Amino acid sequence: MSNSAEILFVSIQATYNDVQVGLFRGQECCEVRSNNTLRASSHLIPEIKALLDRHDYGISDLSFIAIDQGPGAFTSLRVGIATVNGIAFGNRVPLVGVNGLDALALQTLQARGAQVEIVVSLLNAYNDDVYYGLYQKGQRLDQGCMKIDGLVEQLEPYSKKTMLFVGNGAKLHKQKLQDCLGQDTLFEEADVCSAQQVGVMALQQWKNQSEKTFRLMPNYLKTQLFAVRKMA
């Protein structure tokens with residue numbers, strides 16, 4: 001594959017209401033545009049075009065498009081994935097999907113350093129459900145979707161360790177987590193991973209992958225929870 005400095009790509013974070021679109025030349029993030037409107041996902045194509053226009057590029061100049069593949073809010077995630085699938089189909093631009101829980105945990109670890117033993121990425125899955133990723137020293141131990149009460153019980157064996165929660169689900173359930181796991185439980189401010197973090201991880205995946213992908217599916221962890229409930 002060509003030198004990473006020659007790789008031009010767009011990185012997208014569009015799993016909830018906000019949309020971030022970043023332009024990368026290799027490892028360098030040239031610019032990130034953000035849209036905070038309530039229907040931000042539907043504005044994804046104009047955001048990509050505006051970003052490329054500002055730097056005198058077009059879709060055909062892209063080596064690939066990177067996107068947070070989920071989990072996330074169903075509508076925003078579906079619209080984002082469907083949009084990049086359409087771009088890939090119409091322009092033959094390859095796609096790279098990044099696991100949003102992994103990206104959020106790695107972003108947090110890089111910011112906090114070795115002082116944190118356990119990182120828990122928590123994203124809001126609504127109705128007291130959460131998407132969670134459990135990480136110890138950067139290694140994923142578990143990932144899925146469950147009720148917040150069930151997750152708190154599952155995390156109790158780790159309560160003696162330095163534990164940090166991050167994500168919009170952590171903010172939503174902060175009081176419950178503190179009440180059950182201790183008032184000294186740590187919290188990071190980020191709601192979701194950044195487009196920059198998606199880009200960094202996507203570039204590494206692009207270098208390592210053997211085949212190009214032109215269609216992605218959303219990472220719907222909640223469908224696994226539905227299946228378990230139905231069987232029960």
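Let's begin on the open side of helix 1, where Lys-49 and Arg-54 are exposed (over 50% relative accessible area, with buried being under 20% and partly exposed in between, using a 1.4 Å probe and protein chains only). Helices here are DSSP runs of H or I with at least four residues, strands are E runs of at least two, and both are numbered from the N terminus. Before going further, please keep in mind that this is a predicted model: local features need pLDDT of at least 70, side-chain atom pairs count only at pLDDT 80 or more, and totals for chains, interfaces and linings use all residues. Residues are numbered from 1 along each chain as its sequence is written, and side-chain values use heavy atoms, with hydrogens and water left out.

Now turn helix 1 over. This helix covers residues 44-54, and its buried residues are Leu-44, Glu-47, Ile-48, Leu-51 and Leu-52. Viewed down the helix axis, these buried residues fall within an arc of 125°, so they line one face of helix 1; the arc is taken from the directions between the helix axis and the C-beta atoms. The general background is familiar: an α-helix has 3.6 residues a turn, so residues three or four places apart point the same way.

What does that buried face pack against? The partners of the buried residues of helix 1 are strand 1 (8-13), strand 2 (19-25), strand 3 (28-35) and helix 2 (74-91), with contact meaning heavy atoms within 4.5 Å. Just after helix 1, have a look at Asp-56, which takes a positive phi of about 60°.

Let's stay with strand 3 for a moment, since that is where Val-32 sits. Val-32 has 28% relative accessibility and therefore counts as partly exposed. Setting aside neighbours within four places in sequence, Val-32 is in contact with Gln-20, Val-21, Gly-22 and Gln-196. For Gln-20, the separation from Val-32 is 12 residues in sequence and 6.6 Å in space, C-alpha to C-alpha.

On to the rings. The structure holds 5 aromatic pairs; rings of Phe, Tyr and Trp (its six-membered ring) pair if their centres lie within 6.5 Å, and planes under 30 degrees apart count as stacked, over 60 as edge-to-face and the rest as tilted. Take Phe-9 and Phe-24: their ring centres are 4.8 Å apart and their planes at 10°, so this pair is stacked. Phe-9 belongs to strand 1 and Phe-24 to strand 2, 15 residues apart, so to speak a link between distant parts of the chain. Both of these residues are buried. Phe-64 and Trp-206 have ring centres 4.7 Å apart and planes at 25°, so they are stacked too. That pair links Phe-64 in strand 4 (residues 64-70) with Trp-206 in helix 7 (residues 195-208), 142 residues apart. Phe-9, Phe-24, Phe-64 and Trp-206 form one aromatic cluster.

Last stop, the sheet. Here 5 strands form an open sheet in the order 8-7-6-9-10, with mixed pairing; two strands pair if DSSP finds at least two bridges between them. Strand 8 (139-147) and strand 10 (186-187) stand at the edges with a single partner strand each, so one side of each is left without a neighbour in the sheet. Strand 6 (residues 118-126) and strand 7 (residues 129-136) pair in the antiparallel sense over 8 bridges, and Leu-123 has Tyr-131 in strand 7 as its bridge partner.
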